[in-house]
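Here is a set of questions and answers on one model. Look at the sequence and the coordinates, then work through them.

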Amino acid sequence: MAGGNKGGTPGDETRATHAGNHPHDNQGVINPPIYRASTILYPDVATLEQVSKDRLSRLAYGRYGTPTVSALEEAVTALEDGGRAIVLSSGLAAIAATLMNLLQAGDHLLMVDTVYGPVRNVCDRTLKKFGIETTYYSPGIGADIAGLIRPQTRIVYVEAPGSLTFEMQDIPAIARAGHDAGALVMMDNTWATPVHFKALHRGADIVVHAATKYIAGHSDVMLGIVVCREELYRQLKLGIHALGHSASPDDCYLALRGLRTLPVRLARHQEAGLALARWLKARPEVARVMHPALPDDPGHGLWKRDFAGASGLFGVVLKPCAPAALAAMLDGMRLFGMGASWGGYESLILPVNPAASRTASKWEAAGPTLRLHAGLENIEDIIADLADGFERLAAAQAAA
Ligand SMILES: *Cc1c(COP(=O)(O)O)cnc(C)c1O
């Protein structure tokens, strides 16, 4: 975790606690109030004319955000330690709207093969329809990405660790190669959050977050955030709202409340995730654990070099078993819920099929793959839930 008070630079915990709050502009109230608005009134014709010349010159219309939305944007940029933030209605909307605004017909996009699955639809359908070509590349490519860059390559997109399979990427090497060729580097930093990885400091020009996950952190909000270098802000901000995107002030209030406790929650998610990963590694039912903070994980060196910590999301491959045996395990979980998304306070377990969303790299696993999210429960309790699950699996396997 970046931090310390060296030279008066506040640590992440301090930023998460205070950034975006201006109590003395709000009658002493600590949390920024929820400003709900569509219409914004202009006091006179001169102001109206000024706003029609420049929509970003003051509050212009609800779609562009209210002070509640700006408070969340301010807090996220404080944690990223730079850039400008734009909040919109989901993580996927943030990714799609950014790509649609920065790319144009004839452009080429380099996309990591282990990207969050639904982004492939954006590339393979929407962007393709508008004449933008995507090439998927293997997450382990590193500096060799230079060999895939064409004169038309406008964006090199990275996500680390990879969705479902948790491969690390050499972000600084990829960013150098991208920049040398005049391309922009865009990163999905949802897993690490700005607390564990300052993407703008490591070469990203644009960072996207599914704030739905750890930033909101309570499984009750859908939100996405784009943080970009200052030079890109105007184009992106205007372009994103021109596509009709917006964010609910109520959801921004909840996300800001979640963000206040992000560093402490993450520390606990990391501890629980590592405890589960180590325990699983020692189990006879397990073929492989995919968690970059484990010392023998193939991505551990990169993770250790570049990241300040891990979150609570990781993967595990089981040894081959009958589908009914896996179902017996999953159907009886007491604490682990089964469902999409993650980053809330509760533990989750989900069977996944990485092979279905890989085209540039091969996913090979003999047994089923599970994605686990370590929640904030008592660690021994969630381990016991898994242990009981393995007992059900073994009993069903023996009966099969
Ligand atoms: C969930 C997720 C998204 C999409 O976020 P939504 O808010 O669900 O649209 C994007 N990237 C990653 C890595 C995710 O896990």
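Q: How many residues surround the ligand?
A: This is a predicted model: local features need pLDDT of at least 70, side-chain atom pairs count only at pLDDT 80 or more, and totals for chains, interfaces and linings use all residues. Numbering runs from 1 along each chain as its sequence is written, and side-chain values use heavy atoms, without hydrogens and water. A residue is near a molecule if one of its heavy atoms lies within 4 Å of it. Gly 91, Leu 92, Asp 188, Thr 212 and Lys 213 are the closest, and the full count is 14 residues.

Q: How is the shell around the ligand split by class?
A: Ala, Val, Leu, Ile, Met, Phe, Trp, Tyr, Cys and Pro count as nonpolar, Asp, Glu, Lys and Arg as charged, and the others, Gly among them, as polar. With that scheme, the shell has seven nonpolar, four polar and three charged residues.

Q: Which helix gives the largest share of the shell around the ligand?
A: Helices are DSSP runs of H or I with at least four residues, strands are E runs of at least two, and both are numbered from the N terminus. The largest share is three residues, and they come from residues 91-102, helix α4.

Q: Which side chain has an N or O atom 2.6 Å from a nitrogen atom of the ligand?
A: A polar contact is a pair of N or O atoms within 3.5 Å; within protein, one must be able to donate a hydrogen and the other to accept it, and residues adjacent in sequence count only if both atoms are side-chain atoms. The side chain at 2.6 Å from the ligand nitrogen belongs to Asp 188.

Q: How much of the ligand's own accessible area does the protein cover?
A: Oxygen atoms of the ligand also have partners: one is 2.5 Å from an N or O atom in the side chain of Thr 212. An oxygen atom of the ligand is likewise 2.5 Å from such an atom in the side chain of Lys 213. Areas come from the Shrake-Rupley method with a 1.4 Å probe; for residues, only the protein chains shown count as cover. On its own the ligand has 380 Å², and the protein covers 93%.

Q: Where does the ligand sit?
A: On a 1 Å grid over the protein atoms alone, a pocket is an open set of points with protein on both sides within 12 Å along at least five of seven lines. A molecule sits in one if more than half of its atoms lie within 2 Å of its grid points. By that test, the ligand is in the largest pocket.

Q: What is the omega of the peptide bond from Ala 160 to Pro 161?
A: Pro 161 belongs to the loop between β4 (153-159) and α6 (171-180). The bond leading to Pro 161 is cis, with omega near -10°.

Q: Why does Ser 219 count as partly exposed?
A: Ser 219 lies in the loop between β6 (206-210) and β7 (224-228). Its phi is positive, about 55°, although Ser 219 is not a glycine. Buried means under 20% relative accessible area, exposed over 50%, and partly exposed in between (1.4 Å probe, protein chains only). Ser 219 is partly exposed because its relative accessible area is 47%.

Q: Which residue makes a side-chain polar contact with Glu 285?
A: Glu 285 is in the loop between α10 (262-281) and β8 (286-290). Glu 285 counts as buried, because its relative accessibility is 16%. At 2.8 Å, its side-chain partner is Arg 283.

Q: Is Ala 398 buried or exposed?
A: Ala 398 is part of helix α13. From C-alpha to C-alpha, Ala 398 is 8.8 Å from Ala 325, though 73 residues separate the two in sequence. Relative accessibility is 67%, so Ala 398 counts as exposed.

How values were computed: 1 Å grid on protein atoms, 1.4 Å probe; cavity = no way out; pocket = protein on both sides within 12 Å on 5 of 7 lines; lining within 4 Å.
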